[in-house]
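Student: Could you pick a single part of this structure and take me through it slowly? I'd like to start with one residue and then see how its surroundings fit together.

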Amino acid sequence: VQPINTPTDSYAVNLPITDLKMSEANNFVGGKQTYIDGHITNRGSKTVTGITVQVLFRNFAREVAQNETQEMKLIRMRQPYVDVGPIADSPIKPGEGRDFRLIFDSVKPDWDGAYPEIRILHVTTQ
């Protein structure tokens with residue numbers, strides 16, 4: 001887990017995240033998974049092959065209740081189910097945008113339910 005003050009990647013300014021949507025689903029063992037779907041656009045000059053994000057869920061006091069770091073996965077298909085894969089399988093060229101999904105096996109019960117903060121910590125380019 002990265003500290004909440006970890007600097008973001010300098011290329012992150014070229015990667016705006018938009019159209020965030022959250023959903024939940026029950027998993028096979030009776031727990032709940034939380035999904036964050038969104039769209040990321042590459043406004044820079046390099047082809048992006050990987051993105052590591054930090055996701056900060058806050059509580060009602062606006063303190064960080066949960067701090068998660070994970071690789072961003074791109075949505076490959078939506079029917080008959082949502083399938084995701086690493087960015088390296090389908091790099092994001094300059095000017096292109098892709099839909100992504102972040103998956104959380106559990107979120108702390110004191111999370112306030114608001115959209116978490118998503119910070120781009122590391123970008124791999126070619």
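Tutor: One term before we start: a polar contact is a pair of N or O atoms within 3.5 Å, where, within protein, one atom must be able to donate a hydrogen and the other to accept it. Keep in mind, too, that what you're looking at is a predicted model.

Let's zoom in on Gln54, which sits in strand S3. Is Gln54 buried or exposed? Its relative accessible area is 0%, and buried means under 20%, so Gln54 counts as buried.

Now look at what the side chain of Gln54 is doing in there. One of its polar atoms lies 2.9 Å from the backbone oxygen of Gln2. The side chain of Gln54 also makes a polar contact with the side chain of Arg119, at 2.5 Å.

Which residues does Gln54 touch, once we skip its neighbours within four places in sequence? Reading along the chain, there are Gln2, Pro3 and Ile4, then Asn67, Glu68 and Thr69, and finally Glu117, Ile118, Arg119 and Leu121. Take Glu68 from that list: Gln54 and Glu68 are 14 residues apart in sequence, yet their C-alpha atoms are 5.6 Å apart in space.

The strands help you place those contacts. S3 covers residues 48–58 and pairs with S4 in the antiparallel sense, over seven bridges. One example of how they line up: Thr52 has Glu71 in S4 as its bridge partner. S3 and S4 make a hairpin with five residues between the strands, and Arg62 there takes a positive phi near 70°.

Step back a bit and you'll find an open sheet of three strands in the order S4-S3-S8, with antiparallel pairing. The edges are S4 (64–71) and S8 (117–125), each of which pairs on one side only. Ignoring direction, neighbouring strands of this sheet are turned by 15° against each other on average.

So much for the sheet that holds our residue. There's a second open sheet to find, made of five strands in the order S1-S2-S7-S5-S6, again with antiparallel pairing. S1 and S6 (83–86) stand at its edges with a single partner strand each, so one side of each has no neighbour in the sheet. The twist here averages 40° from one strand to the next.

You can walk across this second sheet pair by pair. S1 (residues 17–26) and S2 are joined by eight antiparallel bridges, and Thr18 has His39 in S2 as its bridge partner. These two strands form a hairpin with five residues between them, where Gly30 in the turn has a positive phi of about 90°. Next, eight bridges join S2 to S7 (residues 97–104), again antiparallel, and Ile36 stands opposite Leu102 in S7. Over at S5 (residues 73–77), four antiparallel bridges lead to S6, with Leu74 standing opposite Gly85.

How many residues of S2 (residues 32–41) are buried? Eight of the 10 are, so S2 is largely enclosed by the rest of the structure.

For a contrast with Gln54, try Ala25 in strand S1. Ala25 is partly exposed, with a relative accessible area of 26%. Leaving out neighbours within four places in sequence, Ala25 contacts Gly31, Lys32, Gln33 and Tyr35.

What ties this picture together? In soluble globular proteins, nonpolar side chains tend to be buried together. Here the largest nonpolar core has 22 residues, and Ile51 and Leu102 have the most contacts inside it. S2, S3, S7 and S8 each supply at least two residues of this core, and the largest share, five residues, comes from S3. Leu102 is a good place to end: not counting residues up to four places away in sequence, it touches several residues, including Ile36, Val53, Val55 and Ile118. And S3, which gives that core its largest share, is the strand where Gln54 has its place.

Notes. Residues are numbered from 1 along each chain as its sequence is written. This is a predicted model: local features need pLDDT of at least 70, side-chain atom pairs count only at pLDDT 80 or more; totals for chains, interfaces and linings use all residues. Side-chain values use heavy atoms; hydrogens and water are left out. Two strands pair if DSSP finds at least two bridges between them. Axes are lines fitted to C-alpha atoms, for helices over the stretch in contact, and angles run from 0 to 180 degrees between N-to-C directions. Buried means under 20% relative accessible area, exposed over 50%, partly exposed in between (1.4 Å probe, protein chains only). Contact means heavy atoms within 4.5 Å. A nonpolar core is a set of buried Ala, Val, Leu, Ile, Met, Phe, Trp, Tyr and Cys residues joined through side-chain atoms within 4.5 Å.
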